[in-house]
Amino acid sequence: VTTSVTSDLPLDRVELRVDGALIDTSPNTSATFAVPVPAKAPGSTFVVSATAFDVQGGASTPANRTYTVGVETTPPTITFISPPAGARIDRGQSLHVAASAMDNKGVASVAFYLNGSTTPVATCVTAPYAFLFDSSQTTAGSTVSVKAVATDVTGLTAEATRSFTVT
């Protein structure tokens with residue numbers, strides 16, 4: 001957002017607010033502000049306002065502009081970091097399972113599922129997205145399938161799968 005202020009008194013500052021919350025200030029008559037888009041549901045609105053203050057404490061009428069949050073269409077991305085594809089571990093060993101997730105709006109969580117289960121064995125809300133798999137209860141010769149599901153802050157999802165064998 002770019003502002004331009006004219007006044008017969010010297011300028012003290014310009015305040016930029018989003019939905020009433022102070023985001024930034026500038027002492028310049030012309031200022032450019034980076035405006036963060038609030039985490040709101042698509043179709044909802046937010047108000048950006050700029051108010052100029054002179055050196056005597058007088059304030060301008062706020063200049064308001066209303067924006068509508070667009071629909072998010074870009075899902076997150078997720079890839080496995082470990083184990084490597086085709087990994088083999090001995091029964092009784094633990095295996096570090098980790099994934100990397102990214103999103104243009106932010107990753108809300110990564111959930112890990114084993115062998116087609118609909119109940120996650122681990123859910124991580126911050127990186128690193130990882131858990132420790134204990135193979136002591138797994139039959140030797142079994143192939144274990146891990147599905148990692150990344151969910152972004154708007155609810156879009158992406159998934160990746162990786163299998164390993166317990167020997």
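1. Contact here means that heavy atoms lie within 4.5 Å of each other, and in this predicted model that idea can be applied first to Ser-163, a residue of strand S14, which covers residues 157-166. Leaving aside residues up to four places away in sequence, Ser-163 touches Gly-86, Ala-87, Thr-143, Val-144 and Ser-145. Ser-163 counts as partly exposed, because its relative accessibility is 34%. The C-alpha atom of Ser-163 is separated by 40 Å from that of Gly-43, a residue 120 places away along the chain.

2. Which residues have the most contacts inside the largest nonpolar core? This core has 25 residues, and the ones with the most contacts inside it are Ile-78, Val-110, Phe-112, Phe-133, Val-146 and Phe-164. At least two residues of the core come from each of several strands, among them S7 (77-82), S10 (107-114), S13 (143-152) and S14. Val-146 gives a picture of the surroundings: not counting residues up to four places away in sequence, Val-146 touches ten residues' worth of neighbours listed as Phe-80, Val-97, Phe-112, Tyr-113, Leu-114, Phe-131, Ala-160, Thr-161, Arg-162 and Phe-164. There is also a second, separate core of 11 residues, which includes Val-5, Phe-46, Val-48 and Ala-52.3. The search of the whole structure finds three aromatic pairs, and one of them is formed by Phe-46 and Tyr-67, whose rings are stacked, with 5.6 Å from centre to centre and 25 degrees between the planes. This pair links distant parts of the chain, since Phe-46 belongs to strand S5 and Tyr-67 to strand S6 (residues 63-68), 21 residues apart. Phe-46 is buried, with a relative accessible area of 6%, whereas Tyr-67 is partly exposed, with a relative accessible area of 31%.

4. Another aromatic pair is that of Phe-112 and Phe-131, which is tilted because the ring centres are 5.1 Å apart and the planes stand at 50 degrees. Phe-112 lies in strand S10 and Phe-131 in strand S12, so this pair ties together parts that are 19 residues apart in sequence. Phe-112 is buried, with a relative accessible area of 0%, and Phe-131 is buried as well, with a relative accessible area of 12%.

5. How many salt bridges does a search of the whole structure find? The search finds four, and Asp-12, Arg-13, Glu-15 and Arg-17 are linked in a network of such bridges. Within this network, Arg-13 forms a salt bridge with Asp-12, where the closest N and O atoms are 2.7 Å apart, and a salt bridge with Glu-15, where the closest N and O atoms are 2.9 Å apart. Glu-15 is buried, with a relative accessible area of 9%, while Arg-13 is partly exposed at 26% and Asp-12 is partly exposed at 36%.

6. A salt bridge also joins the side chains of Asp-19 and Lys-40, with 2.6 Å from N to O. Asp-19 lies in the loop between strand S2 (11-18) and strand S3 (21-26), and Lys-40 in the loop between strand S4 (30-32) and strand S5 (45-54), so the pair ties together parts that are 21 residues apart in sequence. Asp-19 is partly exposed, with a relative accessible area of 39%, and Lys-40 is partly exposed, with a relative accessible area of 31%.

7. Finally, two charged side chains deserve a look for their places over aromatic rings. The charged end of Arg-13, the residue that bridges to Asp-12, sits over the ring of Phe-53 at 4.0 Å from its centre. Lys-147 lies over the face of Tyr-113, at 5.4 Å from the ring centre, and Tyr-113 is one of the residues that Val-146 touches.

Technical notes:
Residues numbered from 1 in each chain as written. Predicted model: local features only at pLDDT ≥ 70, side-chain atom pairs only at ≥ 80, totals over all residues. Heavy atoms only, no water. Buried < 20%, exposed > 50% of the residue type's maximum accessible area, 1.4 Å probe, protein only. Helix = DSSP H or I, 4+ residues; strand = E, 2+ residues; numbered from the N terminus. Core = buried A, V, L, I, M, F, W, Y, C linked by side-chain atoms within 4.5 Å. Phe/Tyr/Trp six-rings, centres within 6.5 Å; stacked < 30°, edge-to-face > 60°. Lys NZ or Arg CZ within 6 Å of the ring centre and 35° of its normal.
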